[in-house]
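Here is a short tour of one protein model, written for someone who likes to check contacts against coordinates. Please keep the viewer open as you read.

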Amino acid sequence: MASVRDLYEMELFWECVVQGRPVLGICRGLQLINVALGGSLYQDIVTDTPDAMAHVDADLYDQHRHTVLIEENSRLAKLYGDQHQHLVNSIHHQAIKRLGRDSVVEAVSASDGIIEAIRMRGECYVTGFQWHPEFHGLGSELLDSGPILDDFLAAAEKQRK
């Protein structure tokens with residue numbers, strides 16, 4: 001059963017889509033977008049996919065990391081060029097099980113194929129990341145979050161005009 005918070009956030013998501021406002025989902029936000037689009041989640045990666053790597057470590061928290069593979073010809077690939085393998089933080093115990101309608105996979109975990117980034121097809125800018133780009137500092141070994149932020153801000157500016 002969906003919580004009041006889930007229902008409220010899904011309604012807010014759809015209102016943004018209807019109005020053509022850009023949506024950027026991070027971690028739970030990616031999961032919410034996927035469910036709003038009719039997809040489903042692994043409720044607990046460790047329980048539901050025992051062969052998967054650990055995607056969360058309570059002791060390491062935002063220092064827990066793994067490699068993602070950016071899908072060729074995706075919007076993310078256009079943002080990051082020829083390098084398709086990147087290091088990101090990993091703080092989630094849930095993940096996409098079945099991809100929602102009208103969306104495409106943008107990146108997966110290199111070791112187990114867990115979906116790490118999605119984008120909604122169509123004119124509306126809707127994208128989501130399982131990792132936390134806001135924790136990726138300048139000069140760190142983690143994927144530079146600048147292109148993601150610049151892309152989102154460009155979409156917001158375009159919608160504003």
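Which residue forms a salt bridge with Asp6, and how far apart are the closest N and O atoms? The partner is Arg28, and the closest N and O atoms are 2.2 Å apart. Please bear in mind that this is a predicted model.

**Where two helices cross**

Asp6 belongs to helix α1 and Arg28 to helix α2, so their salt bridge ties together parts that are 22 residues apart in sequence. The pair does not stand alone: Arg5, Asp6, Glu9 and Arg28 are linked in a network of salt bridges. With a relative accessible area of 27%, Arg28 is partly exposed.

The helices themselves are easy to find: α1 covers residues 4-19 and α2 covers residues 28-36. Their axes come within 10 Å and cross at roughly 75°. Angles from 65 to 115 degrees count as roughly perpendicular, and α1 and α2 are therefore roughly perpendicular to each other.

On the α1 side of this crossing you will find Arg5, Asp6, Glu9, Met10, Phe13 and Trp14, which meet Arg28, Leu32, Ile33, Val35 and Ala36 in α2. By residue type, the contact of α1 with α2 divides into seven nonpolar and four charged residues, with no polar ones.

Trp14 deserves a closer look. This residue lies in helix α1 and counts as partly exposed, at 29% relative accessibility. Setting aside neighbours within four places in sequence, Trp14 is in contact with Ala36, Leu37 and Arg101. For Trp14 and Ala36, which are 22 residues apart along the chain, the C-alpha atoms are separated by 8.0 Å.

**A strand with two partners**

Now turn to strand β8, residues 126-129. How are its two faces placed, buried or exposed? Both are covered: Val126 and Gly128 are buried on one side, and Thr127 and Phe129 are buried on the other. This fits a wider pattern, because in a regular strand the side chains alternate between the two faces of the sheet.

Strand β1 (residues 23-26) runs parallel to β8 and is joined to it by four bridges. Strand β7 (residues 115-120) runs antiparallel to β8, with three bridges between them. Phe129 takes part in both pairings, as the bridge partner of Ile26 and as the bridge partner of Ala117. Between β7 and β8 the hairpin has five residues, and there Gly122 takes a positive phi near 105°.

**Salt bridges across the chain**

The structure holds eight salt bridges. Three of them are listed here with their N to O distances.

| Pair | N to O distance |
|---|---|
| Asp6 and Arg28 | 2.2 Å |
| Arg75 and Asp151 | 2.8 Å |
| Asp151 and Arg119 | 4.0 Å |

Asp151 appears in two of these rows, with Arg75 and with Arg119. The Asp151 and Arg119 pair links distant parts of the chain, helix α5 and strand β7, 32 residues apart. The side chains of Arg75 and Asp151 also meet in a salt bridge. Arg75 lies in helix α4 (residues 75-80) and Asp151 in helix α5 (residues 146-160), so this pair ties together parts that are 76 residues apart in sequence.

What are the relative accessibilities around this centre? Asp151 counts as buried at 10% relative accessibility, and Arg119 is buried with a relative accessible area of 9%. Arg75, on the other hand, is partly exposed, with a relative accessible area of 35%.

Definitions and conventions
Residues are numbered from 1 along each chain as its sequence is written. This is a predicted model: local features need pLDDT of at least 70, side-chain atom pairs count only at pLDDT 80 or more; totals for chains, interfaces and linings use all residues. Side-chain values use heavy atoms; hydrogens and water are left out. Axes are lines fitted to C-alpha atoms, for helices over the stretch in contact, and angles run from 0 to 180 degrees between N-to-C directions. Angles under 35 degrees count as roughly parallel, over 145 as roughly antiparallel, 65 to 115 as roughly perpendicular and the rest as oblique. Contact means heavy atoms within 4.5 Å. Ala, Val, Leu, Ile, Met, Phe, Trp, Tyr, Cys and Pro count as nonpolar, Asp, Glu, Lys and Arg as charged, and the others, Gly among them, as polar. Buried means under 20% relative accessible area, exposed over 50%, partly exposed in between (1.4 Å probe, protein chains only). Two strands pair if DSSP finds at least two bridges between them.
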